[in-house]
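Subject: The structure we talked about

Hi,

Here is the structure I promised to pass on. Have a look at it first, and then read my notes underneath.

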Amino acid sequence: EIARREDRLNVIKEAKKKIEARSKVSYEKRYKAYTQKMTKRKKKEALTGKNIPGLDIDIFWEDSLRRAVAAKLLADIAGFSAEEAFTAGMVQDMGLVALFFREPEKADRWPLLRSNLPCRRLDMEEKLFHAAHDSAGALMARKWNLPESYIMGIADHHRIFQANGSGTYIFSSQYENNDLAKIMYLADLCNAVYTVHDKSEA
């Protein structure tokens, strides 16, 4: 009788272990799925900017569309891929949303950034975030496995013009072969006609 009781206890113990093991696996799966869902949500929020008070994301994407259309038209003139230029124009400033997502308390500066010329805006971003949208956007593009031409276009579309120390900017021959970056920079200037505070600068 004692032996039977011990056998039953052993069976119960084994069953308990199996139940606990299954529960743990089930919990770990649910937790992993939850964290993946949250990570996807965070990425989506970082891209759409919907939860960043002070950033008018609709206006941001309106500017992006304007750049994209300008890039497409410029590509047609230059004999470059219009489709590639349009896509690059849409995503070239997406790094700015990521910067504001990282530091949402600074989103109230966006109207000021938007009202300045591209080169000046980049300098302002460096002072505000200790980073800029071109480098942040290039990192995002690489993480998303976008084509290398997009990555380099995003990374270089401001670098092709360098400050010369006297308040003006000169063309940098280092990026002479990056035609997409040139188109993106000109598209940014086209958009600036609609956004800069002083229209005479554009």
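Below is what I found in it, going from the whole chain to helix pairs and then to single residues.

**Overall picture**

Please keep in mind that this is a predicted model. The protein has nine helices and two strands. Going along the sequence, the order is α-α-α-α-α-α-α-α-β-β-α, so the two strands come just before the last helix. Of the 202 residues, 38% are buried. About 12,600 Å² of the protein is exposed, and carbon and sulfur atoms supply 56% of that area. As for contacts with a separation of 6 or more, 63% of them join residues 24 or more positions apart.

**H2 against H9**

If you only have time for one helix pair, I'd suggest starting here. Helix H2 covers residues 57–78 and helix H9 covers residues 179–195; their axes are 8 Å apart and the packing angle is about 130°. That angle falls short of the cut-off for roughly antiparallel, which is over 145 degrees, so H2 and H9 count as oblique to each other. The crossing of H2 past H9 is right-handed. On the H2 side, the residues involved are Asp63, Arg66, Arg67, Ala70, Ala71, Leu74 and Ala75. They meet Ile183, Leu186, Ala187, Asp188, Cys190, Asn191, Tyr194 and Thr195 in H9. Sorted by class, this contact between H2 and H9 has nine nonpolar, two polar and four charged residues.

Alanine 75 is worth a click while you have H2 on screen. This alanine sits in H2 and counts as buried because its relative accessibility is 0%. Leaving aside neighbours within four places in sequence, alanine 75 is in contact with Phe80, Ser81, Ala82, Ala85 and Ile183. One of these, Ile183, is among the H9 residues that meet H2. Alanine 85 is ten residues from alanine 75 in sequence, and their C-alpha atoms are 6.4 Å apart.

**H8 against H9**

H9 has another partner to look at. The axes of H9 and helix H8 (residues 148–156) come within 8 Å and cross at roughly 50°. H8 and H9 are therefore oblique to each other, and H8 passes H9 in a right-handed crossing. From H8, the contact uses Ser149, Tyr150, Gly153, Ile154 and Asp156, while H9 brings in Leu180, Ala181 and Met184. By class, the contact of H8 with H9 has five nonpolar, two polar and one charged residues.

Which residues does alanine 181 touch, not counting those up to four places away in sequence? They are Gly153, Asp156, His157 and Ile160. Two of those names, Gly153 and Asp156, also turn up on the H8 side of the helix contact. Alanine 181 lies in H9 and is buried, with a relative accessible area of 0%. Histidine 157 is 24 residues away from alanine 181 along the chain, yet their C-alpha atoms are separated by 4.3 Å.

**H4 and phenylalanine 129**

Next, go to helix H4, residues 94–102. Seven of its nine residues are buried, so H4 is largely enclosed by the rest of the structure. The buried ones are Met94, Gly95, Leu96, Val97, Ala98, Leu99 and Phe100.

Phenylalanine 129, in helix H6, links up with this part of the chain. Outside its neighbours within four places in sequence, phenylalanine 129 is in contact with Leu96, Leu99, Phe100, Arg102, Glu103 and Lys106. Leucine 96 is 33 residues from phenylalanine 129 along the chain, with 9.9 Å between the C-alpha atoms. Phenylalanine 129 has a relative accessibility of 3%, so it counts as buried.

**A loop residue to finish**

Is serine 115 buried or exposed? Buried, because its relative accessibility is 19% and the cut-off for buried is under 20%. Serine 115 is in the loop between helix H5 (110–114) and helix H6 (118–129). Not counting residues up to four places away in sequence, serine 115 touches Thr195, Val196 and His197. Thr195 also belongs to the H9 residues that meet H2.

Let me know what you make of it.

Cheers

Definitions and conventions: Residues are numbered from 1 along each chain as its sequence is written. This is a predicted model: local features need pLDDT of at least 70, side-chain atom pairs count only at pLDDT 80 or more; totals for chains, interfaces and linings use all residues. Side-chain values use heavy atoms; hydrogens and water are left out. Helices (H or I, at least four residues) and strands (E, at least two) are DSSP runs, numbered from the N terminus. Buried means under 20% relative accessible area, exposed over 50%, partly exposed in between (1.4 Å probe, protein chains only). Contact means heavy atoms within 4.5 Å. Accessible areas come from the Shrake-Rupley method with a 1.4 Å probe; for residues, only the protein chains shown count as cover. Axes are lines fitted to C-alpha atoms, for helices over the stretch in contact, and angles run from 0 to 180 degrees between N-to-C directions. Angles under 35 degrees count as roughly parallel, over 145 as roughly antiparallel, 65 to 115 as roughly perpendicular and the rest as oblique. A crossing is left-handed if the near helix is turned anticlockwise from the far one by less than a right angle, and right-handed if clockwise. Ala, Val, Leu, Ile, Met, Phe, Trp, Tyr, Cys and Pro count as nonpolar, Asp, Glu, Lys and Arg as charged, and the others, Gly among them, as polar.
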